[in-house]
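Reader: I should be grateful for a close look at a single part of this structure, with the terms explained as they arise.

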Amino acid sequence: MVQQLPPGYRTVFNLYAIDGYGHEEISGMLGIAIGTSKSNLHKARGRLAEMVEVQGVKFGKTEEKR
C-alpha cells in the first residue's frame with residue numbers, strides 16, 4: 001500500500017516512519033519546508049488508513065463479536 005502513495009507522500013513516510021528521521025532532517029534532505037514534511041506525513045497516513053479500510057480491515061479497531 002505504501003508503494004501506491006504519491007511519490008512525495010511516500011518519500012516522507014518512508015524517511016520518517018521506517019528510517020526514523022525527524023521532520024527537520026527530512027526537510028533538509030529533500031529541500032522542502034518542515035511544514036511540508038509534516039503535511040505530507042499526515043496526508044500519507046490518511047491515505048494509508050483509507051486504503052486499509054477499503055480492504056475491509058478496521059484500522060486500529062476490532063469488530064465486536066455477536
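Author: The following account concerns helix α2 and its surroundings. This is a predicted model, in which local features need pLDDT of at least 70, side-chain atom pairs count only at pLDDT 80 or more, and totals for chains, interfaces and linings use all residues. Residues are numbered from 1 along each chain as its sequence is written, and side-chain values use heavy atoms, with hydrogens and water left out.

Helix α2 comprises residues 23-30 and helix α3 residues 34-54; helices are DSSP runs of H or I with at least four residues, numbered from the N terminus. The axes of α2 and α3, which are lines fitted to C-alpha atoms over the stretch in contact, come within 8 Å and cross at roughly 105°. Angles run from 0 to 180 degrees between N-to-C directions, and those of 65 to 115 degrees count as roughly perpendicular; α2 and α3 are therefore roughly perpendicular to each other. His 23, Glu 24, Ile 26 and Ser 27 of α2 make the contact with Ile 34, Ser 37, Lys 38 and Leu 41 of α3, contact meaning heavy atoms within 4.5 Å.

Ser 27 belongs to α2 and, at 10% relative accessibility, counts as buried, that is, under 20% relative accessible area with a 1.4 Å probe and protein chains only. Its C-alpha lies 6.2 Å from that of Ser 37, although the two are ten residues apart in sequence. Neighbours within four places in sequence aside, Ser 27 is in contact with Ile 32, Ala 33 and Ile 34.

Leu 30, also found in α2, is partly exposed at 38% relative accessible area, a class lying between buried, under 20%, and exposed, over 50%.

Methods: Helices (H or I, at least four residues) and strands (E, at least two) are DSSP runs, numbered from the N terminus. Angles under 35 degrees count as roughly parallel, over 145 as roughly antiparallel, 65 to 115 as roughly perpendicular and the rest as oblique.
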